[in-house]
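User: Please take a close look at the core of this protein. Walk me through what packs there and what lies around it.

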Amino acid sequence: MLKQFVLLGSCVLMLAACGKSETAAPAEQPASAPAAAAASAPAAQAVAEVSNPVGEKTFKSVCSMCHQSGAAGAPIVGNKDDWSPRIAQGKDTLYKHALEGFSGQKGAMPAKGGNPSLSDADVKAAVDFMVAKAS
């Protein structure tokens, strides 16, 4: 229990130090890009349908600190094995744990990722973003 508390405290401190989000500049496309873009139009449309800019922004600015490295036992974004048992519990449970915090056998989740200024809608959008990456 003490180990989980220390891990949770470390994660919260890391999150508190984070506040800057970086955005990569779009890469220039080669001259053959229009033909390739036309060929991948259906794939681009599918990505646009699951686009979640609020969830992605929240993930990058808060959630990524733990969910990219697995800190404090966090399920790593995109890892189906990490996420499947959690997704099976249903979105209401995922939302509740993300909003209120959770401590389990595999680790701890601070309420709102350790950032109490996040709105409930932003937290839920981040959960939706991560779930979509694991599907």
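Analyst: Two residues are in contact when they have heavy atoms within 4.5 Å of each other. This is a predicted model.

First, the setting. The chain has seven helices and two strands. Read along the sequence, they run α-α-α-α-α-α-β-β-α. Of the 135 residues in the chain, 28% are buried. Take the contacts with a separation of 6 or more: 61% of them join residues 24 or more positions apart. The accessible surface comes to about 8700 Å². Carbon and sulfur atoms account for 59% of that surface.

Now the core. In soluble globular proteins, nonpolar side chains tend to be buried together. Here the largest nonpolar core holds 16 residues. Which of them touch the most other members? They are Cys63, Trp83, Val127 and Met130. Helix 4 (53-67), helix 6 (91-100) and helix 7 (120-134) each give two or more residues to this core. Helix 7 supplies the largest share, with seven residues.

Trp83 deserves a closer look. Leaving aside residues up to four places away in sequence, Trp83 touches His67, Pro75, Ile76, Val77 and Gly78. Beyond those, the list of Trp83 contacts also includes Leu94, Met130, Val131 and Ala134. One of these partners, Met130, is itself among the core members that touch the most others.

Next, helix 7. Phe129 lies in this helix. Is Phe129 buried or exposed? Its relative accessible area is 12%, so Phe129 is buried, since the cut-off for buried is under 20%. Setting aside residues up to four places away in sequence, Phe129 touches Asn52, Gly55, Glu56 and Phe59. Ser51 is 78 residues away along the chain, yet the C-alpha atoms of Ser51 and Phe129 are separated by 8.3 Å.

Then helix 6. Its buried residues are Leu94, Tyr95, His97, Ala98 and Leu99. What do they pack against? Their partners are helix 5, strand 1, strand 2 and helix 7. Leu94 is also one of the residues that Trp83 touches. After helix 6 comes Gly101, with a positive phi near 95°.

His97 sits in helix 6. Why does His97 count as buried? Its relative accessibility is 19%, and the limit is under 20%. Outside the residues up to four places away in sequence, His97 touches Gln89, Phe102 and Met109.

His97 also leads to the largest pocket. That pocket has a volume of about 590 Å³. Its lining counts 34 residues, and those closest to its centre are Pro75, Arg86, His97, Phe102 and Met109. Two of the His97 contacts, Phe102 and Met109, are therefore back in view. Pro75 returns as well, as a contact of Trp83.

Several elements give two or more residues to this lining: helix 1 (2-17), helix 4, helix 5 (80-88), helix 6, strand 1 (102-104), strand 2 (107-109) and helix 7. Helix 4 gives the most, with five residues. By class, the lining has 22 nonpolar, nine polar and three charged residues.

Put the pieces side by side. Helix 4, helix 6 and helix 7 feed the core. Helix 4, helix 6 and helix 7 are also among the elements that line the pocket.

Key
Residues are numbered from 1 along each chain as its sequence is written. This is a predicted model: local features need pLDDT of at least 70, side-chain atom pairs count only at pLDDT 80 or more; totals for chains, interfaces and linings use all residues. Side-chain values use heavy atoms; hydrogens and water are left out. A nonpolar core is a set of buried Ala, Val, Leu, Ile, Met, Phe, Trp, Tyr and Cys residues joined through side-chain atoms within 4.5 Å. Buried means under 20% relative accessible area, exposed over 50%, partly exposed in between (1.4 Å probe, protein chains only). Helices (H or I, at least four residues) and strands (E, at least two) are DSSP runs, numbered from the N terminus. On a 1 Å grid over the protein atoms alone, a cavity is a set of points where a 1.4 Å probe fits but cannot get out, and a pocket is an open set with protein on both sides within 12 Å along at least five of seven lines; lining residues have an atom within 4 Å of a point. Grid points are joined across faces, edges and corners, and a volume is the space filled by probe spheres set on the points. Ala, Val, Leu, Ile, Met, Phe, Trp, Tyr, Cys and Pro count as nonpolar, Asp, Glu, Lys and Arg as charged, and the others, Gly among them, as polar. Accessible areas come from the Shrake-Rupley method with a 1.4 Å probe; for residues, only the protein chains shown count as cover.
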